[in-house]
Number of protein chains: 4
Amino acid sequence: MIVVMRSDATKEQVDHMVERVRSLELKPQVIVGTERTVIALVGDERPVSLEMLETGPGVEKVLRVLAPYKLASAESRKGRSLVPLGEGFQLGGTRVGLIAGPCTVEDRGRLLEVACAVKEAGAVALRGGAFKPRTNPYSFQGLAEEGLVYLAEARDATGLAVVTEVMSPEQVPLVARYADVLQIGTRNMQNYDLLRAAGQQPKAVLLKRGLAATVDEWLLAAEYILSQGNDQVILCERGVRTFEQHTRFTLSLSSVPHLKEFTHLPILVDPSHGTGRRSLVEPMSRAAIACGADGLMIEVHNDPEMSFSDGPQSLTPEGFAHLVTSCRRVAQAIGRDL
Amino acid sequence: MIVVMRSDATKEQVDHMVERVRSLELKPQVIVGTERTVIALVGDERPVSLEMLETGPGVEKVLRVLAPYKLASAESRKGRSLVPLGEGFQLGGTRVGLIAGPCTVEDRGRLLEVACAVKEAGAVALRGGAFKPRTNPYSFQGLAEEGLVYLAEARDATGLAVVTEVMSPEQVPLVARYADVLQIGTRNMQNYDLLRAAGQQPKAVLLKRGLAATVDEWLLAAEYILSQGNDQVILCERGVRTFEQHTRFTLSLSSVPHLKEFTHLPILVDPSHGTGRRSLVEPMSRAAIACGADGLMIEVHNDPEMSFSDGPQSLTPEGFAHLVTSCRRVAQAIGRDL
Amino acid sequence: MIVVMRSDATKEQVDHMVERVRSLELKPQVIVGTERTVIALVGDERPVSLEMLETGPGVEKVLRVLAPYKLASAESRKGRSLVPLGEGFQLGGTRVGLIAGPCTVEDRGRLLEVACAVKEAGAVALRGGAFKPRTNPYSFQGLAEEGLVYLAEARDATGLAVVTEVMSPEQVPLVARYADVLQIGTRNMQNYDLLRAAGQQPKAVLLKRGLAATVDEWLLAAEYILSQGNDQVILCERGVRTFEQHTRFTLSLSSVPHLKEFTHLPILVDPSHGTGRRSLVEPMSRAAIACGADGLMIEVHNDPEMSFSDGPQSLTPEGFAHLVTSCRRVAQAIGRDL
Amino acid sequence: MIVVMRSDATKEQVDHMVERVRSLELKPQVIVGTERTVIALVGDERPVSLEMLETGPGVEKVLRVLAPYKLASAESRKGRSLVPLGEGFQLGGTRVGLIAGPCTVEDRGRLLEVACAVKEAGAVALRGGAFKPRTNPYSFQGLAEEGLVYLAEARDATGLAVVTEVMSPEQVPLVARYADVLQIGTRNMQNYDLLRAAGQQPKAVLLKRGLAATVDEWLLAAEYILSQGNDQVILCERGVRTFEQHTRFTLSLSSVPHLKEFTHLPILVDPSHGTGRRSLVEPMSRAAIACGADGLMIEVHNDPEMSFSDGPQSLTPEGFAHLVTSCRRVAQAIGRDL
């Protein structure tokens with residue numbers, strides 16, 4: 001960290017900050033500039049928050065030198081993390097992984113149909129919500145455990161891994177009993193009790209980006225899970241909130257190559273939520289793969305018009321099969337497969 | 001709702017949508033324009049989500065006529081809601097209410113000191129976190145129940161109401177035992193299980209705005225609580241995330257007069273989190289009152305430099321007393337008091 | 001347009017608005033709902049601004065049915081517009097076009113070197129700024145006409161088309177004398193005098209998206225140019241401003257497939273400005289092509305470290321050649337070429 | 001500036017950067033940390049852009065120590081700048097200044113009526129656009145010089161100063177002939193030729209904040225004007241673009257007290273454009289004054305419903321008189337007047 005003193009900071013204030021830095025067990029190095037004095041901190045600054053120093057007398061600002069996360073960082077580990085998904089598939093390797101299925105589990109027959117169709121088309125995992133966070137209290141809230149049972153049945157029938165959302169720490173054991181991957185939704189990215197609970201069980205965790213989270217905050221959320229001992233963490237970009245109105249969210253694909261540089265964790269993209277519009281899902285899926293995504297998460301529904309939620313962004317099984325073909329070509333063009 | 005058909009929509013598609021609207025128990029009215037056909041829906045559109053119609057064949061877009069919330073709406077209730085806070089104080093009335101205290105409860109003695117100081121200066125309630133959501137897993141996480149005990153002791157000593165954060169549905173009974181007002185933090189604004197649990201107990205609920213939530217989404221979150229039977233809901237503007245960098249968040253004060261038009265619920269402003277900088281807290285507090293806020297929530301700490309969190313935005317007790325004097329004059333200038 | 005009346009609007013207010021609509025030469029159609037009365041406007045609403053009706057007594061809000069642009073709209077023209085670029089190249093057709101070159105023209109020799117290198121690698125046009133908008137008044141401001149001369153010389157030597165920025169209406173004749181394509185920069189997207197001047201001369205115009213412009217505002221800016229009689233307009237996505245900090249701007253690639261649906265104009269992507277970081281340029285270029293961009297605009301410099309501006313996002317000629325090879329494979333994977 | 005080297009940077013790379021810093025006539029100071037080496041630059045870093053160093057080999061990032069502007073900075077000048085406005089009024093002093101008038105000059109009689117009304121109510125200057133930047137090419141574009149003549153006549157009749165927008169460098173002499181203050185609009189905040197031209201003439205300049213500009217970028221734009229020798233610069237906050245939808249823009253009032261710390265220039269607030277809704281103008285005006293604004297800029301129209309533009313945010317003369325009374329009380333409450 002670098003503590004920048006105000007131009008009118010007194011010698012006493014500088015000395016005070018030097019002592020403060022020492023009390024945090026870091027080594028201060030004072031540089032007297034022509035307009036400002038700055039104090040550089042030598043040592044591991046991560047346990048120190050900016051706030052602990054910004055409050056000091058005569059301090060103008062504090063600049064961070066190191067990223068605030070450690071276990072999630074590319075520097076902490078040689079090579080990329082691989083997370084198993086379904087029968088013999090490793091997410092994060094050469095083959096791009098597709099997770100597909102309905103937004104919400106609505107009934108057993110329909111789920112099984114979709115599961116068979118997406119498996120046939122090339123998916124490695126089935127998604128579907130049993131517990132649903134709904135913005136509107138008057139909307140359908142999900143089938144709960146019954147939905148989990150249907151998901152597990154669909155796995156038995158197809159061999160697809162099951163990815164489903166968990167919404168509170170108390171649901172973790174229940175969901176972990178049925179699912180292969182626990183999904184933590186965008187609205188829970190900073191639900192720290194939930195992150196901790198997910199970090200203390202053995203199933204993989206798919207962590208969606210918060211809709212107003214910076215990439216560093218997202219990696220800090222991953223760090224919560226990793227720091228509990230669970231290293232099976234998958235990141236999922238799903239769009240952020242901006243002023244744009246032509247899509248529900250702004251799918252920020254540059255996070256994909258950025259994360260490839262800064263973390264070893266596999267990274268998925270969800271173009272269904274990230275755009276909110278069916279016609280944009282396939283082109284943005286291709287784009288996601290082209291810039292390096294390790295996988296996609298796609299909403300597929302047999303009858304989008306009658307779906308309880310997210311109909312406008314759901315593909316039909318035929319639409320999904322088309323997407324797979326077109327994405328496979330892009331994957332091969334960059335030396336991967338799908 | 002208004003369903004706008006595409007310019008190339010066929011008669012069959014229009015007829016299909018007319019039937020679809022009828023199946024939702026609404027009355028369709030078709031208007032054939034020069035470039036588009038639109039279908040107006042007559043009846044209560046609230047249980048219908050945009051998505052249910054956007055997916056239809058030939059549909060270009062669907063426009064909402066009514067706000068999606070009902071109980072929270074100014075139309076649903078004559079006059080403004082009042083929420084009791086501490087000894088004989090009603091938030092939402094003529095007198096502006098001040099809630100003050102440390103970000104986090106750190107120890108008993110320090111908390112009591114701050115409580116006495118803010119009471120003396122004019123506060124009606126004490127804030128302080130026993131459970132803390134921290135972005136960084138390596139930061140201090142709060143004293144938990146011990147912190148709640150100290151808060152209750154401070155209430156006994158001062159008569160201040162206690163406002164403290166609850167982070168999960170399971171914590172609700174525990175926190176409700178000690179607190180007068182349950183605070184739901186910005187990162188939990190759309191934690192629906194928590195909203196529901198808070199709606200099913202009798203203590204007042206202070207609902208902070210999500211950092212990327214529109215005002216309508218915020219009112220829908222309030223609707224979750226209200227729909228469970230708890231009508232003691234307080235809204236708290238605390239800044240939203242934008243591209244701006246001179247403050248931690250962008251305190252969007254226009255939400256205050258907007259909410260005064262659209263909801264009957266009382267509205268607070270938190271200029272401490274909303275700016276993240278001590279020197280901005282007092283001017284923005286005056287501004288909040290000037291545009292109609294019913295109260296303020298202010299971080300106060302005896303020794304901000306040594307505080308475990310949020311030091312840079314905490315006022316000293318002296319700073320808080322100064323703020324109160326200056327805000328009182330503004331309150332009186334607009335016909336209120338403090 | 002749909003005029004939504006307030007729930008407490010009187011019959012007089014509704015009648016007033018009905019008359020107001022008639023005075024705008026549109027046909028009002030009144031729909032009395034259970035909670036609101038709405039008035040649908042039949043006719044071409046484009047010359048009417050929302051503001052003209054929002055101000056009426058008893059009006060709650062006004063909803064737009066038609067997009068505000070017309071000439072730029074996909075409905076106004078069968079097929080896609082093609083804009084010639086360099087020797088026998090048409091932007092907007094099957095072949096993806098590459099525009100490459102330095103941020104700023106710095107000297108003759110260096111420019112020629114870069115021009116030869118990018119031509120060799122596969123570019124069809126040369127970019128380079130002679131007039132530079134610089135955020136900081138103390139930065140280098142460009143070579144002005146001398147720079148234009150060098151660009152024209154480079155065209156003569158290589159056959160590349162020349163794309164360069166014009167910053168004010170007065171510069172239009174000068175720049176049009178040397179350039180094949182006039183670039184209107186992001187900070188000038190709503191400089192209406194400039195748009196009009198560019199619309200009144202015969203050279204093609206490359207219109208960059210404003211850094212806080214919605215797609216509809218961008219298309220309205222294109223409409224300004226088109227409405228003056230110049231139909232050679234190219235759109236260029238270059239990132240928008242959001243809260244994100246891992247890139248200088250947020251490259252919003254979903255605008256590409258969205259524009260393919262809503263306009264006939266060709267669409268470029270500028271991943272150099274859109275990310276601000278060299279290591280992200282190639283992956284985001286591939287993504288842009290994968291989701292349908294008709295071309296790319298890439299900064300290339302012989303010695304990025306010594307470049308006067310935008311060094312961190314400039315590729316070396318070798319880096320650019322690598323990008324071309326990798327993008328070509330993606331273009332072919334989606335049935336195009338490069 | 002602080003150059004942070006990558007964790008794997010070699011000694012050669014560090015040495016290279018040390019030389020590079022010296023070549024920029026700054027003194028490098030190397031600090032070897034436990035995980036990173038950083039190089040602190042001693043000297044005036046302002047002429048150096050981040051980019052010049054970020055591109056260096058082995059560099060991870062570059063952090064700025066000093067603000068990039070100098071003449072605009074509070075450190076560059078003792079006390080606050082005062083800008084004369086109308087008869088014997090100084091903007092930036094104790095008395096808060098009101099600028100009021102129609103969005104656009106529509107006709108002579110109507111303008112004079114509004115001018116008399118706002119003068120009577122307490123305004124010190126008249127606003128009104130003769131040249132209008134309109135998002136939609138089909139909207140009314142202003143009366144041009146005829147509008148300027150009417151404004152000057154209104155000044156003669158009332159003694160109000162005239163504030164009007166200039167849209168291009170060529171208009172500067174014409175507008176400066178009639179106006180007392182040249183307004184540079186939000187869409188032109190980074191039109192550098194215009195800033196330069198405005199800096200080279202003697203009339204005061206009102207610089208609106210760009211709708212996606214950070215405060216530092218805004219001050220750099222002011223620096224452009226100041227660096228040409230014109231020190232009569234007024235800043236005007238008018239809202240920024242965010243995801244919020246309840247107002248047209250998000251009026252970011254925290255910029256007011258922030259600017260009071262960081263610059264000596266006077267600061268206005270425009271709550272009319274900043275909210276886009278008449279009912280929010282008065283409360284946000286009070287808020288602006290309460291947090292320290294030196295003045296307000298308010299749209300007033302005799303017949304908002306029939307106004308050519310911005311009707312929904314225009315006050316009637318009666319509404320403006322009400323605003324003045326209510327704002328005066330707030331001004332007095334904080335020790336100023338109006």
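Biologist: In this predicted model, how many residue pairs are in polar contact across the interface of chain A and chain D?

Modeller: For the interface of chain A and chain D in this predicted model, pairs are counted where both residues have pLDDT 80 or more. Under that condition, the residue pairs in polar contact across the interface number 7.

Biologist: Which element gives the largest share of the side of chain A that touches chain D?

Modeller: The elements of chain A that give two or more residues to this side are β1 (2-5), β2 (27-32), β3 (37-42) and β4 (59-63). The residues of that side divide into 12 nonpolar, 6 polar and 10 charged. The largest share, 4 residues, comes from β2(A).

Biologist: Which residues of chain A lose the most area to chain D?

Modeller: The contact involves 28 residues of chain A and 28 residues of chain D, and the area buried between the two chains is about 2,200 Å², with carbon and sulfur atoms giving 59% of it. On the side of chain A, 23% of what is buried comes together from the three residues that lose the most area, namely A:Ile31, A:Glu35 and A:Val65.

Biologist: Which residue of chain D forms a salt bridge with A:Arg36?

Modeller: Across the interface of chain A and chain D the rule finds 2 salt bridges. Salt bridges that share partners join A:Arg36 and A:Glu60 into one network with a residue of chain D. In the salt bridge of A:Arg36 with that chain, the closest N and O atoms are 2.7 Å apart, and the partner is D:Glu75.

Biologist: Why can chain A and chain D be described as related by a two-fold rotation axis?

Modeller: Chain A can be laid on chain D with an RMSD of 0.1 Å, and the operation needed is a turn of 180° with a shift of 0.0 Å along the axis. The two copies are therefore related as by a two-fold rotation axis. In addition, 100% of the interface residues of chain A are also interface residues in chain D, so the copies meet through the same surface. The residue of chain A that comes closest to the rotation axis, at 2.0 Å (C-alpha), is A:Phe243, but the relation itself rests on the turn of 180°.

Biologist: Is D:Glu237 buried or exposed?

Modeller: D:Glu237 lies in strand β12 (residues 233-237) of chain D, and a polar atom of the D:Glu237 side chain lies 3.0 Å from the backbone nitrogen of D:Gly239. Leaving aside neighbours within four places in sequence, the contacts of D:Glu237 include D:Arg209, D:Trp218 and D:Asp270. With a relative accessibility of 0%, D:Glu237 counts as buried.

Biologist: Which residue of chain B meets D:Glu244 in a salt bridge?

Modeller: The pair crosses between chains, with D:Glu244 in the loop between β12 and α8 (255-262) of chain D and the partner in the loop between β11 (204-208) and α7 of chain B. D:Glu244 has a relative accessible area of 6% and is buried, while the partner counts as buried at 0% relative accessibility. The side chains meet at 2.3 Å, N to O, and the partner is B:Arg209.

Biologist: How many residues apart are C:Arg108 and C:Glu153?

Modeller: The side chains of C:Arg108 and C:Glu153 meet in a salt bridge at 2.9 Å, N to O. C:Arg108 is partly exposed at 45% relative accessibility, and C:Glu153 is partly exposed with a relative accessible area of 30%. The pair links helix α3 (residues 108-121) with helix α4 (residues 145-158) of chain C, and the separation is 45 residues.

Note on methods: Residues are numbered from 1 along each chain as its sequence is written. Chains are lettered from A and ligands numbered from 1 in the order in which they are written. This is a predicted model: local features need pLDDT of at least 70, side-chain atom pairs count only at pLDDT 80 or more; totals for chains, interfaces and linings use all residues. Side-chain values use heavy atoms; hydrogens and water are left out. Contact means heavy atoms within 4.5 Å. Buried area is the accessible area (1.4 Å probe) that two parts lose on being put together, summed over both. A salt bridge is a side-chain nitrogen of Lys or Arg within 4 Å of a carboxyl oxygen of Asp or Glu. A polar contact is a pair of N or O atoms within 3.5 Å; within protein, one must be able to donate a hydrogen and the other to accept it, and residues adjacent in sequence count only if both atoms are side-chain atoms. Ala, Val, Leu, Ile, Met, Phe, Trp, Tyr, Cys and Pro count as nonpolar, Asp, Glu, Lys and Arg as charged, and the others, Gly among them, as polar. Copies are superposed by least squares on the C-alpha atoms of residues with pLDDT of at least 70 in both. Buried means under 20% relative accessible area, exposed over 50%, partly exposed in between (1.4 Å probe, protein chains only).
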